[in-house]
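Please look over the notes below alongside the sequence and the coordinates. They are set out as numbered points.

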Amino acid sequence: MDRSNKPSAIGVGTSLPQPTISFRDNTVEATLPSGESVTVHLYGATVTSWKLANGKEQLFLSQKAHLDGSKPIRGGIPVVFPVFGPPPQNHATSALPQHGFARNSTWEFLGKSSSESLGRDRKDGDDTVKLDFGLSHPMLSDEFQKAWPYEFGLVYSVTLTKDSLETSLQVQNKGSQNFDFQVLMHTYLNIEDISQIRVKNLESTTYIDKTQNASVHTQQSPALEINKETDRVYKSLDPKVPIVVSSTVDDQPLFSVARQGLNDVVVWNPWIEKAKGMADFGPDEAYKNMICIEAGSVASWQTLEAGDSWEGSQVIRARL
Ligand code: TA6
């Protein structure tokens, strides 16, 4: 056979380094070949850890957090659905606990996908991993099924890349009745010192101040510094403008939170007295090491018609 015509050997792709996934004690951990990692508890589909390649933790987790499913996890990124805050009276959510049932129900791990299956060809290995989690009405406790009798489905995706963490929630109405819902990603960001950060891109926006009887105000200053208990619901922010947490020392951005479909943002720090008052918040001084920047749709209610679905997401970038 004329060797010049022999087809060249079909190259077998070199085995590019892949993300590693471990699943134990109802916890999923994914690590990229470059070292970044994310940990998600099936309880609440709560992200409890996001580390950069240098091992630096980006999320705050209370040292007294309950990780045994006995109560919502204090820290990381609890998922708030179908109601934010204490449920209103005479409402379909009235019998639910504060922040709804999603953060205190056990989800199922639906699987992972990496760069390749996400359609991203990478020469230096997989630099993205997506973990999917599901929750539906039959999976709820009897108490929650009775309290909110709607045929819903949630798919929560956690996507880790070298410089970001994305969390996305799809809400499906699988029943024959419309239902109203609120949703929020209750993100606890890890910071060195609350007195050395400011929150930017809130100026000229309207907010509800829950420390002043839910009175309505307009953010005058271009940046919000935190020097007391802060609990504000900023409404209808421009989704094209990410919220930025930056250092007051050198004005360097520490985090940015970009949002799709989540046009309200809650900024929360309990400060010392409220921190002391939470049994699962510890140590007491830890309020200095966290700031909650919570992307949500909470200022009003979304109505999901029978058969429809809705999606909202946030992308958090760290140490920009
Ligand atoms: O998102 C801010 C907030 O609504 C605060 O009012 C405070 O209640 C915080 O959530 C924590 O709520 P939790 O039910 O987790 O103690």
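The points below cover the ligand site, the empty space in the protein and some backbone features.

1. Status of the model. The structure is a predicted model. The values that follow should be read with that in mind.

2. Ligand surroundings. The shell around the ligand consists of R74, F84, Q98, H99, R103, H186, K210, D231, V266, W268 and E294. Sorted by class, this shell holds five charged residues, three polar ones and three nonpolar ones.

3. Polar contacts of the ligand. Which side chains have an N or O atom 2.6 Å from an oxygen atom of the ligand? D231 is one of them, and E294 is another. For R74, the distance from a side-chain N or O atom to an oxygen atom of the ligand is 2.9 Å. The pairs with D231, E294 and R74 can be counted as polar contacts because the cut-off for such a pair is 3.5 Å.

4. Burial of the ligand. How much of the ligand's exposed area does the protein bury? The ligand on its own exposes 390 Å², and the protein covers 84% of this.

5. The pocket. The ligand is placed in the largest pocket. This pocket contains about 320 Å³ of space. Its lining is made up of 18 residues, and those closest to the centre are Q98, H99, H186, D231 and W268. These five residues also appear in the ligand shell. By class, the pocket lining comprises seven charged, seven nonpolar and four polar residues.

6. The cavity. How many cavities of 30 Å³ or more are there? The count is one. The volume of the largest cavity is about 50 Å³. Its lining is formed by D209, T211, Q212, K228, E229, T230, D231 and R232. Strand β16, residues 230-234, contributes three residues, the most of any element. The cavity lining has no nonpolar residues; five of its residues are charged and three are polar.

7. D231 in both settings. D231 belongs to the lining of the largest cavity and is also among the residues closest to the centre of the largest pocket. The side chain of D231 has an N or O atom 2.6 Å from a ligand oxygen, so this residue takes part in a polar contact by the 3.5 Å limit.

8. Cis peptide bonds. Where are cis bonds found? One runs from F81 to P82, with omega near 0 degrees. P82 lies in the loop between β5 (79-80) and β6 (108-114). Another joins G282 to P283, with omega at about -10 degrees. P283 is located in the loop between α2 (271-277) and β20 (290-304).

9. Positive phi. N90 is not a glycine, yet its phi is positive, at about 50 degrees. N90 is in the loop between β5 and β6, the loop in which P82 is also found.

How values were computed. Residues numbered from 1 in each chain as written. Predicted model: local features only at pLDDT ≥ 70, side-chain atom pairs only at ≥ 80, totals over all residues. Heavy atoms only, no water. Near = heavy atom within 4 Å. Polar contact = N/O pair within 3.5 Å; in protein donor to acceptor, adjacent residues only side chain to side chain. Areas by Shrake-Rupley, 256 points an atom, 1.4 Å probe, with all protein chains shown as cover. 1 Å grid on protein atoms, 1.4 Å probe; cavity = no way out; pocket = protein on both sides within 12 Å on 5 of 7 lines; lining within 4 Å. Sits in = over half its atoms within 2 Å of the grid points. Nonpolar A, V, L, I, M, F, W, Y, C, P; charged D, E, K, R; others polar. Points joined across faces, edges and corners; volume = space filled by probe spheres on them. Helix = DSSP H or I, 4+ residues; strand = E, 2+ residues; numbered from the N terminus.
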